[in-house]
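Student: I have not met this structure before. Please take one part and go through it closely, then show how it sits in the rest of the chain.

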Amino acid sequence: MTVNRAQSGPKQPKPATGYPPRDFKFLAMNFAVRLMPTGWKYWGNSILLKTSIGDSGPISVPEPYSWTWAGPEEIKLLDRHPEATSPTAYARRAARGDRCLCIKQGSEVVGYRWFKLGTGCILCGFGPDMEITLFPLKPGQAFSYDLFIYRKYRGQGVATLLNNLLYHVLREEDIKEVLALVSPANHAALRLNLRLGAQPQRLVYTYRIRGWSKVFLGPEGDRRLIEWVQQFKPS
Ligand SMILES: CC(C)(COP(=O)(O)OP(=O)(O)OC[C@H]1O[C@@H](n2cnc3c(N)ncnc32)[C@H](O)[C@@H]1OP(=O)(O)O)[C@@H](O)C(=O)NCCC(=O)NCCS
């Protein structure tokens, strides 16, 4: 049986896949950096998201979870965890005043998210030869990074709870907007952030080659980016 357009209904927009359209000059730069025989290097393209954190009232943390700010005990747990993504960086972050909200179950950390004031960062806390400092933040803004839920706890709403809790706590500290970078390839994180009200701002291109680093900001209100992101309908 053949089905024509009239029978199959209006054409649906294609779901967003892969990456949003990026400027050719940065794609060329990514390629050049990739090929450079310089030893350690980093390049990344991220979407800058902004979440306005309105007043949602108090948040209750359901059993069996609890929450805490990461102190020396939690930092040790994060460092020693087999899924640790940033060992040694955690302590550096805490030492300079970045804060980390942890969801715990008993004495075990289930997931966490870091944030800082002042400026954004990439490879946050990885040391001066690796960390890339981004744009300065405005008063009332916080930069949130390194959201991580350990594997066995994913898909159960822990990240949703953690973020709602973080926004609630930040609101109490007069923070109105949370900025975060998400890789366009990280669909799980992108969907989560959009579901929590994040709005795409612009693409951010970051490069580091040994001691040199550079941040390029894509256009603000990038129409192609906004159209691409709109296809991620929060569930
Ligand atoms: C991305 C990440 C933080 C999501 O954490 P998570 O705890 O699985 O997220 P949640 O459970 O809150 O939400 C994920 C999905 O589970 C669903 N979910 C929420 N509560 C649920 C429940 N009780 N039962 C089943 N599913 C549920 C959500 O609807 C959501 O689905 P959707 O994304 O299709 O809309 C996690 O996968 C992770 O740590 N990844 C690695 C690190 C990373 O990528 N971090 C982000 C860097 S920007």
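Let us begin with one residue: is Asp146 buried or exposed, and why?

Tutor: The model is predicted, and what follows is computed from it. Asp146 counts as buried, because it has 20 C-beta neighbours inside 10 Å and a residue is buried if 20 or more other C-beta atoms lie within that distance. Asp146 is placed in strand E7. Its phi is positive, about 45°, although Asp146 is not a glycine.

The strand itself is part of a sheet. Eight strands form that open sheet with mixed pairing, in the order E2-E3-E4-E7-E8-E1-E9-E10. The edges are strand E2 (65-69) and strand E10 (212-217), each of which pairs on one side only. On average, and with direction ignored, neighbouring strands of the sheet are turned by 25° against each other. Helix H7 (residues 223-230) packs on the sheet, where H7 touches strand E1 (41-52) and strand E9 (199-209). The direction of H7 makes about 110° with that of E9.

Some of the pairings can be followed strand by strand. E2 and strand E3 (residues 99-105) run antiparallel and are joined by five bridges; one bridge partner in E3 is Cys102, which faces Thr68 in the pairing. E1 has E8 and E9 as its neighbours in the strand order. On one side, six bridges join E1 to strand E8 (residues 177-182), and the two run antiparallel; here Leu48 has Leu181 as its bridge partner in E8. On the other side, E1 and E9 also run antiparallel and are joined by ten bridges, with Arg208 in E9 as the bridge partner of Tyr42.

Several residues of these strands return in the nonpolar core. The largest nonpolar core has 49 residues. Those with the most contacts inside the core are Ile47, Cys102, Tyr112, Leu170, Val178, Ala180 and Leu181. Ile47 can stand as an example of how such contacts reach across the chain: leaving aside neighbours within four places in sequence, Ile47 is in contact with Leu181, Val182, Pro184, Pro200, Leu203, Leu225 and Val229. As background, nonpolar side chains tend to be buried together in soluble globular proteins.

Now follow the chain on from E7. Gly157 is in the loop between strand E7 (141-149) and helix H5 (158-172). Gly157 counts as exposed, because it has 12 C-beta neighbours inside 10 Å. Compared by C-alpha atoms, Gly157 and Val33 are 38 Å apart in space, with their positions 124 residues apart in sequence.

Gly157 also leads to the ligand. There are 18 residues around the ligand, and those that come nearest are Arg154, Gly157, Ala159, Thr160 and Ala189. E7, H5 and H6 each give at least two residues to the shell around the ligand. The largest share, five residues, is supplied by H6.

H6 has a buried part as well. In helix H6 (residues 187-195), the residues Leu190, Leu192, Asn193 and Leu194 are buried, and the buried residues of H6 pack against E1, H5 and E8. Just after H6 comes Gly197, with a positive phi of about 100°.

Two loops hold further backbone details. Thr88, like Asp146, has a positive phi without being a glycine; the value for Thr88 is near 75°. Thr88 is in the loop between helix H3 (72-80) and helix H4 (89-96). Thr88 is exposed, because 12 other C-beta atoms lie within 10 Å. In the loop between E1 and E2 lies Pro64, and the peptide bond from Glu63 to Pro64 is cis, with omega near 5°.

Finally, the chain as a whole. It has seven helices and ten strands. Its C-alpha atoms fill a box of roughly 65 × 50 × 35 Å along the principal axes. A compact globule with 235 residues would have a radius of gyration near 18 Å; the chain has 20 Å, which agrees. Of the 235 residues, 28% count as buried, and Asp146 is one that does. Among contacts with a separation of 6 or more, residues 24 or more positions apart account for 70%.

Notes:
Residues numbered from 1 in each chain as written. Predicted model: local features only at pLDDT ≥ 70, side-chain atom pairs only at ≥ 80, totals over all residues. Pairing = 2+ DSSP bridges. Helix = DSSP H or I, 4+ residues; strand = E, 2+ residues; numbered from the N terminus. Axes fitted to C-alpha atoms, helices over the stretch in contact; angles between N-to-C directions. Contact = placed C-beta atoms within 7 Å. Rg over C-alpha atoms; globule rule 2.2 N^0.38 Å. Core = buried A, V, L, I, M, F, W, Y, C linked by C-beta atoms within 7 Å. Near = placed C-beta within 6 Å.
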